[in-house]
Amino acid sequence: MPWLEGVLAVFLKDWRSEFRTRYALNAALLFAVTTLVVVSFAIGAFGISGDLLAAFLWVIILFSSMAGLGQVFIKEVESRTFTALRLVARPSEVWAGKFFFNLVLLLGLEVIIIPLFFILLNPRVGDWSGFLAVLILGSVGLAGATTLIAAIIAQAKGKGALLAGLSYPILIPLLAAATSGTRHLFHGDGGAGQEIQILAAYAVVVIAAAFLLFEFVWSE
Amino acid sequence: MLWQLLLFVWMSLVIVAGFLYAPLAEKLYEMTRIIYFHIPMAWVAVLAFLVSTVFSIRYLMTRSWGDDVRAAISAQLGLLFAVLATASGAIFAKAMWGAFWNWDPRETSIFLLLLIYGAYLTLRSAVEGEDKRARLAAVYNIIAFVTVPFLVFIVPRLYFSLHPGPLLNAQGRLEMHPRMLQVFLASLAGFTVLYFWIFDLSWKVARLKRKQEEAS
């Protein structure tokens, strides 16, 4: 089977099984929406500066992704399909398929929470293309790092707590760059050009490293 | 035994010289002394993490038990020295700037290293099975190491630094009194040897334990 077909097969398998239960999406979405409402409710009628809004936005995205993105590998262990998948697909196909699935899940989540965020908290954005670039590149890096860590923690004890504990240290540079870029865009002072470059470089490096390292995580 | 004694005398001399022999730097007053202890500890922490990553990469190539154990030993030592460097740095920050912590770029970087290697050791304790633990921990060590350099680019955009400048400034000129430099370099060498000594001791202990387990 050619490589791309294998990737697509893994992706579609996860897609189908996700839409039978919608567990990962529901968990992440519920978390994101409740957090968003809690933040908005806590701020109340007071205006809040763009600095804080940018930080809130990325904290919400980061925490919701922890609620959903770990499932891709945890469910393979829980339903005991880990070994079967190991037999039928090459490691790089599994990683790429799961990565695209997580990326689609994350972007789907953002399609819902970003408009809600704008409705509830009303930040001002001048440069929409810059904002989308920060959002998408940030999501690519986030999905890339989290997918590899999810594969690691699926084989450990105490999976849920471990995912956040292991992912955050790696994601701090990404979080810092994304927050800083979003803050500049919410402020309207200068662009987020430098942050976009950093986010793109981070995504490329993390995905390349994960691609090379995944085989060691996956195969005995 | 001889060189351990030598190291003891060497380090004692460094401590004494740091307080009595070296002159004070401008604007740092008595806080100058921290140069001889804080910087070498931070240096050893970074060195230890580097050694740990190198052994992790080696493990994935050789799959030999010893490489994984040495990666773990070095990570533990790095964590110890990083905690010491962070604590001494925080005391300096309190004396110099009035607050123990203010997310200075260097504080941020060392804090991130603490988090990463704390997570690395937590992961080790959460995986059952020697080979699996070694594999997963090595992968985590490498991916974490790859992301650290990004901080160098992004953090200066977020916070400005009050930290005293690096030893070598942009012109490549050393701005240190010759006597200060002597004590500083002596301390750097002493701490580095100290690290390799503890590393070697832990590695010996690990091998003996292994032998004992195999025998029983």
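This short talk goes through a predicted model with chains A and B, taking chain B first, then the contact between the chains, and then some individual residues.

Let me begin with the make-up of chain B, which has seven helices and zero strands, so that, read along the sequence, the pattern is simply α-α-α-α-α-α-α. Of the 216 residues in chain B, 32% are buried, and if we take the contacts in this chain with a separation of 6 or more, 75% of them are between residues 24 or more positions apart.

Two helices of chain B deserve a closer description, and here I would recall that a packed pair of helices is described by the angle between the axes and the distance between them. The axes of α3(B) and of α7(B), the latter being residues 178-215, come within 10 Å and cross at roughly 135 degrees, and the two helices are therefore oblique to each other. The crossing of α3(B) past α7(B) is right-handed. On the side of α3(B), the contact is made by B:Val69, B:Arg70, B:Ile73, B:Ser74 and B:Leu77, and on the side of α7(B) by B:Tyr195, B:Ile198, B:Phe199, B:Ser202, B:Trp203 and B:Ala206. Sorted by class, the contact of α3(B) with α7(B) has eight nonpolar, two polar and one charged residues.

Chain A offers another pair, namely α6(A), residues 91-121, and α9(A), residues 193-218, which pack at an angle of about 115 degrees with their axes 9 Å apart. With the range of 65 to 115 degrees counted as roughly perpendicular, α6(A) and α9(A) are therefore placed in that class. This crossing of α6(A) past α9(A) is right-handed. From α6(A) come A:Pro91, A:Ser92, A:Val94 and A:Trp95, and these meet A:Ala210, A:Phe211, A:Phe214, A:Glu215 and A:Trp218 in α9(A). By class, the contact of α6(A) with α9(A) has seven nonpolar residues, one polar residue and one charged residue.

I turn now to where the two chains meet. The contact takes 26 residues from chain A and 26 residues from chain B. On the side of chain A that touches chain B, the elements giving two or more residues are α7 (128-153), α8 (159-187) and α9 of chain A. That side of chain A has, by class, 20 nonpolar, five polar and one charged residues.

Which residues touch the most other members of the largest nonpolar core? That core has 122 residues, and the ones in question are A:Leu148, A:Ile152, A:Leu199, B:Ala45, B:Leu123 and B:Tyr140. The largest share of this core, 14 residues, is given by α7(A). If we leave out residues up to four places away in sequence, A:Ile152 touches A:Leu166 and A:Val217 in chain A, together with B:Leu136, B:Val139 and B:Tyr140 in chain B.

One of those partners, A:Val217, is found in helix α9 of chain A, and A:Val217 counts as buried because it has 25 C-beta neighbours inside 10 Å. Again without residues up to four places away in sequence, A:Val217 touches A:Leu148, A:Ala151 and A:Ile152, as well as B:Arg135, B:Leu136 and B:Val139. Although A:Val217 and A:Gln155 are 62 residues apart in sequence, they are 9.0 Å apart in space, C-alpha to C-alpha.

Two serines bring together distant parts of the sequence as well. A:Ser180 lies in helix α8 of chain A and counts as buried, with 22 C-beta neighbours inside 10 Å; from A:Ser180 to A:Asp51 there are 129 residues in sequence, but 8.6 Å in space, C-alpha to C-alpha. B:Ser109, in helix α4 (residues 105-126) of chain B, is partly exposed, with 16 other C-beta atoms within 10 Å, and B:Ser109 is 46 residues in sequence and 8.6 Å in space from B:Val155, C-alpha to C-alpha.

Finally, a word on backbone angles, since most residues other than glycine have a negative phi. A:Arg80, in the loop between α4 (71-78) and α5 (82-88) of chain A, has a positive phi of about 55 degrees, and A:Arg80 is exposed, with 8 other C-beta atoms within 10 Å. B:Arg63 likewise has a positive phi of about 55 degrees; B:Arg63 sits in the loop between α2 (35-62) and α3 (65-97) of chain B, and with 14 C-beta neighbours inside 10 Å it counts as partly exposed.

Terms used
Residues numbered from 1 in each chain as written. Chains lettered and ligands numbered in written order. Predicted model: local features only at pLDDT ≥ 70, side-chain atom pairs only at ≥ 80, totals over all residues. Axes fitted to C-alpha atoms, helices over the stretch in contact; angles between N-to-C directions. Helix = DSSP H or I, 4+ residues; strand = E, 2+ residues; numbered from the N terminus. Parallel < 35°, antiparallel > 145°, perpendicular 65-115°, else oblique. Left-handed = near helix turned anticlockwise from the far one by under 90°. Contact = placed C-beta atoms within 7 Å. Nonpolar A, V, L, I, M, F, W, Y, C, P; charged D, E, K, R; others polar. Core = buried A, V, L, I, M, F, W, Y, C linked by C-beta atoms within 7 Å. Buried ≥ 20, exposed ≤ 12 C-beta atoms within 10 Å, placed from the backbone.
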